[in-house]
Amino acid sequence: MATPIIEAEGLGVRFVRNRRRQMRIREMFIHRSNRSPNPGEFWPLRDVNFSVNAGDALGVIGRNGTGKSTLLRLIAGVLIPDEGKITVRGRVAPLLELSAGFSNDLTGRENVHLVGSLHGLSSNFLKKNFDEIVDFAGDQVSSAIDTPVRHYSSGMKVRLGFSVIARLSHPILLVDEVMAVGDAEFRKKCYTTIERLLAEGRSLVLVSHNEADLTRFCNRGLYFEQGKLVTDGTVQDALDAYNSVVRS
Ligand SMILES: Nc1ncnc2c1ncn2[C@@H]1O[C@H](COP(=O)(O)OP(=O)(O)OP(=O)(O)O)[C@@H](O)[C@H]1O
């Protein structure tokens, strides 16, 4: 049997709500005598086990706040599990929070080089492919490429981020609702790109609430309920489980 490209074993993450809130001294004494050591602590994901084989396209399905984005952040390596482990065999191209990687004071041009090199693209590659990357992002971005990105709309930033990340040759592609951000023309470009990457044999993990996108791209599905993996099967199995809950 082939070695999975992603493997989660007993995976769990613990968050604390209101972590930033300053406790008053009186509250600190009250909490000290409290049986719960961490008030507000909860597990957005716990005891999650699954594996993904190379070339699989996995849809991650569930209601809001059930831990889907948290799972992608664990796969991307930007979150460390508190329990169990996640093994990822291959580099990850994260099409997540695309505008968040940009430095607002830098121009679009400078950000292409910054974000590209942070993801391991060589400066030679970026120079050679710069025009194509910018063209892909569309006319609005092209004409503002020497303007600081603080003046870009959120859609413009996402387009430029997508253009750069889509250039990575990494075998694992993580996509979180990016297609929901853009207009119809951008969505079409996203679809074509994802189809091309899948045809090249990449693996996809897609978080989406859009049934048409999920069935278009995914052969497998995971359905989560309150941080627990309830269904691991075909994408249709996972959608059926989700629909039986939301429509009941
Ligand atoms: N850094 C954090 N600190 C504390 N709680 C967090 C943090 N990030 C997420 N959460 C909480 O963890 C839970 C899971 O969040 P997550 O973003 O993974 O859900 P989701 O399934 O992706 O939701 P949606 O469909 O709305 O995008 C939610 O209750 C959320 O409020």
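Start with the protein chain as a whole: among its contacts between residues at least 6 apart in sequence, 71% join residues at least 24 apart. Keep in mind as you go that this is a predicted model.

**The whole chain**

Show the protein chain as a cartoon, and you can pick out 10 helices and 9 strands. Switch to the C-alpha trace, which spans about 60 × 50 × 35 Å along its principal axes. If you colour by burial, buried residues account for 35% of the 248 residues in the chain.

**Stop 1: the ligand**

Select the ligand next. Which residues surround the ligand? Going up in sequence, you meet Phe-15, Arg-17 and Pro-44, among others. Continue with Gly-62, Asn-64, Gly-65, Thr-66 and Gly-67, then Lys-68, Ser-69 and Thr-70, which also belong to the surroundings of the ligand.

Now colour that shell by residue class: 2 residues are nonpolar, 7 are polar and 2 are charged. Which helix gives the most to the shell? Highlight residues 68–76, which form helix 2: this helix gives the most, with 3 residues.

**Stop 2: Trp-43 in strand 2**

Select residues 41–52 to bring up strand 2, where you will find Trp-43. Is Trp-43 buried or exposed? With 17 other C-beta atoms within 10 Å, Trp-43 is partly exposed, because a residue counts as buried from 20 such neighbours and as exposed at 12 or fewer.

Leave out residues up to four places away in sequence, and Trp-43 touches Gly-12, Val-13, Arg-14 and Gly-227. For a sense of scale, draw a C-alpha to C-alpha distance from Trp-43 to Ser-103: the two are 60 residues apart in sequence and 32 Å apart in space.

**Stop 3: two positive phi angles**

Next come two backbone angles worth a look. Most residues other than glycine have a negative phi.

Stay in strand 2 and select Asp-47. Phi of Asp-47 is near 55°, a positive value in a residue other than glycine. Asp-47 has 15 C-beta neighbours inside 10 Å and so counts as partly exposed.

Then go to Gln-226, in the loop between strand 8 (220–225) and strand 9 (228–234). What is the phi of Gln-226? Its value is positive, about 45°, although Gln-226 is not a glycine. Gln-226 also counts as partly exposed, with 15 C-beta neighbours inside 10 Å.

**Stop 4: helices 3, 4 and 6**

For the last stop, hide the rest and work through three helix pairs.

*Helix 3 with helix 4.* Select residues 108–118 for helix 3 and add helix 4; the two pack at an angle of about 130°, with their axes 10 Å apart. That angle makes helix 3 oblique to helix 4, and their crossing is right-handed. Show side chains for Val-112, His-113, Gly-116 and Ser-117 of helix 3, and for Ser-123, Leu-126, Phe-130 and Ile-133 of helix 4, which make the contact. Coloured by class, the residues of this contact divide into 4 nonpolar, 4 polar and no charged.

*Helix 4 with helix 6.* Keep helix 4 (residues 123–137) and bring in helix 6 (residues 154–165): their axes come within 8 Å and cross at roughly 140°. Helix 4 and helix 6 are therefore oblique to each other, and helix 4 passes helix 6 in a right-handed crossing. From helix 4, the contact uses Ile-133, Phe-136 and Ala-137; from helix 6, select Arg-159, Leu-160, Ser-163 and Val-164. How do the residues of the contact of helix 4 with helix 6 divide? They comprise 5 nonpolar, 1 polar and 1 charged.

*Helix 3 with helix 6.* Finally, swap helix 4 for helix 3. The axes of helix 3 and helix 6 come within 10 Å and cross at roughly 40°, so this pair is oblique. Their crossing is right-handed. The contact is made by Gly-108, Asn-111, Val-112, Val-115 and Gly-116 on helix 3, with Leu-160, Gly-161 and Val-164 on helix 6. By class, the contact has 4 nonpolar, 4 polar and no charged residues.

To end the tour, put the three helices back together and select the residues that appear in two of these contacts. Ile-133 of helix 4 faces helix 3 and also takes part in the contact with helix 6. Val-112 and Gly-116 of helix 3 are in the contact with helix 4 and in the contact with helix 6. Leu-160 and Val-164 of helix 6 join the contact with helix 4 and the contact with helix 3.

Key. Residues are numbered from 1 along each chain as its sequence is written. This is a predicted model: local features need pLDDT of at least 70, side-chain atom pairs count only at pLDDT 80 or more; totals for chains, interfaces and linings use all residues. A residue is near a molecule or strand if its C-beta atom, placed from the backbone, lies within 6 Å of it. Helices (H or I, at least four residues) and strands (E, at least two) are DSSP runs, numbered from the N terminus. Ala, Val, Leu, Ile, Met, Phe, Trp, Tyr, Cys and Pro count as nonpolar, Asp, Glu, Lys and Arg as charged, and the others, Gly among them, as polar. Axes are lines fitted to C-alpha atoms, for helices over the stretch in contact, and angles run from 0 to 180 degrees between N-to-C directions. Angles under 35 degrees count as roughly parallel, over 145 as roughly antiparallel, 65 to 115 as roughly perpendicular and the rest as oblique. A crossing is left-handed if the near helix is turned anticlockwise from the far one by less than a right angle, and right-handed if clockwise. Two residues are in contact if their C-beta atoms, placed from the backbone, lie within 7 Å.
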